[in-house]
Structure formats: C-alpha cells, structure tokens
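Welcome! Please take a moment to look over the sequence and the 3D view before reading on.

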Amino acid sequence: MAHLNENNQLVGSLGNLIFRIVKGKVIVQTKPDYAKLKQTKSTQKSATDFGRASTVTQKFNAGLQEIVQGYHSPDMYNRMRSKILQGMRTHTSLPLGEKNLWDGTPELLEGFEFNHESQYKDFSDLWVVNWQLDVENRVHFQQKAFVPKTHLHWLPFTGRLEVAYWIGAFHKKDYKPTQQHFIKLEV
C-alpha cells in the first residue's frame, strides 16, 4: 500500500507500481513478475551473500546508533552494506553463498564516512590514523603531528573545534559491540 512519508513523498506500492526513495528522489518501478523470473544457482548464492551483508549491516548499525545518532547522511546504510559486501567478496577462496566479513577484508570499513554531508574533509588535513594491535589485544593508534593552524582550515565564525575518534570492537559471531571508546580533543 502506498502512503505519503513525512516529506510528503509517495512510498510503497500501488497496483503494479512500486514507489521508493533513492538519494532523495522518488523512483517508480513496476513490480517484477516472479513467475517468469528464474534465478540461477549462482544468482541464488550471490543473493545469500547480499542477505548476509544486509544482516551484518543491520547489526553494525544497531551497535553504532549510540555514537552516530542522527549524524549520518541518508544513504549511510546502503553505502555501509556495499562496503561490507565488498569486504566479504575479497576472500575469493570461499564459494558464493558462504562468504562472510571476518574471512574477507573487514579493514575496508576503516575510515568509513557516516556523514557524506559533513564538511570535515574540506576543513581538515587530518584523515589517516595508523593503528596497531599489541600482543595483549590493546589498540594503539598514532596521529601525525597536529598543528591546528596548519592542519585545520578555519571558517571566519569558528572559535573552537573538537577532533573526535570513535574506536569500536565487535564480536565475530553476532557483530554486537564488545567495547567502544570515544575520544574528543578540543583545539
């Protein structure tokens, strides 16, 4: 059933049409005729991997809401799912339908930008964080030398700024956060 959302955009289905929002625009598509559509074994296995990536993204998203809250762009979920699926697919020795993030390349999520609408990259040269895990499973990270007058591009109305890092660790089995640490440095 189609309805108007909070932005007065039509979403849902009406007859043979589906209304959905992609990047802020209403997209209208016809419903596929599943009776005529046949999936091959390969596409079924790919769909299984996509479903697993969606589940992992949902679990990450639930764990991140405490930190991210409303500070993310509308397309964050889809971008994160694409990044997770990409990380899963890097492990080429696992067959389709059996891929998972931890056996792939979870490092691809490092530096993931939750808010594409943020202007952080436009105003700061600080982007790369070097981190290492020691033998006791403690995380150590280093930031290159930080000189506010050099590394930050100040706006005329800006009087102070906080540089923030969020570090999270997740269970391999259910992706629930095991430990989170939020660091803020005022400059």
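The report below walks through a few features of this predicted model.

## A hairpin and its turn

Let us begin with two strands, β7 (162–170) and β8 (177–186). The pair runs antiparallel, and nine bridges join β7 to β8. Together they form a hairpin that has six residues between its strands. Where the turn begins and ends, Phe170 stands opposite Pro177 in β8. Within the turn you can find Tyr175, whose phi is positive, at about 60 degrees.

Lys173 also belongs to the loop between β7 and β8. Its relative accessible area is 80%, so Lys173 is exposed. Try locating Trp102 as well: it lies 71 residues from Lys173 in sequence, yet the two C-alpha atoms are 9.3 Å apart in space.

## A nonpolar patch on the surface

Next, look for Leu17, Ile21, Val26 and Val28, which make a nonpolar surface patch of about 270 Å². Two elements, β3 (17–22) and β4 (25–30), each give two or more residues to this patch.

Val28 is a good member to pick out, and you will find it in strand β4. Val28 counts as partly exposed because its relative accessibility is 45%.

## The second largest pocket

The second largest pocket has a volume of about 240 Å³. Two elements give two or more residues to its lining, namely β3 and α2 (76–89). Strand β3 supplies the largest share, with three residues.

Which residues line this second largest pocket? They are Arg20, Ile21, Val22, Lys23, Gly24, Pro74, Asp75, Tyr77 and Asn78. Ile21 therefore appears in two parts of this report, since Ile21 helps make the nonpolar patch and also lines the pocket, where a lining residue has an atom within 4 Å of a pocket point.

## Two salt bridges

The count of salt bridges in the model comes to two. In one of them, the side chains of Asp33 and Lys36 meet, with an N to O distance of 4.0 Å. Asp33 is partly exposed because its relative accessibility is 42%, whereas Lys36, at 71%, counts as exposed.

Asp49 and Arg52 form a salt bridge too, and their closest N and O atoms are 3.5 Å apart. These residues are three apart in helix α1 (residues 41–68), so about one helical turn separates them. Is Asp49 buried or exposed? With a relative accessible area of 1%, Asp49 is buried, while Arg52, at 30% relative accessibility, counts as partly exposed.

Notes: Residues are numbered from 1 along each chain as its sequence is written. This is a predicted model: local features need pLDDT of at least 70, side-chain atom pairs count only at pLDDT 80 or more; totals for chains, interfaces and linings use all residues. Side-chain values use heavy atoms; hydrogens and water are left out. Patches are made of residues with over 30% relative accessible area and no salt bridge: like charges are joined within 9 Å, nonpolar side chains (Val, Leu, Ile, Met, Phe, Trp, Tyr) within 5 Å. Accessible areas come from the Shrake-Rupley method with a 1.4 Å probe; for residues, only the protein chains shown count as cover. Helices (H or I, at least four residues) and strands (E, at least two) are DSSP runs, numbered from the N terminus. Buried means under 20% relative accessible area, exposed over 50%, partly exposed in between (1.4 Å probe, protein chains only). Two strands pair if DSSP finds at least two bridges between them. On a 1 Å grid over the protein atoms alone, a cavity is a set of points where a 1.4 Å probe fits but cannot get out, and a pocket is an open set with protein on both sides within 12 Å along at least five of seven lines; lining residues have an atom within 4 Å of a point. Grid points are joined across faces, edges and corners, and a volume is the space filled by probe spheres set on the points.
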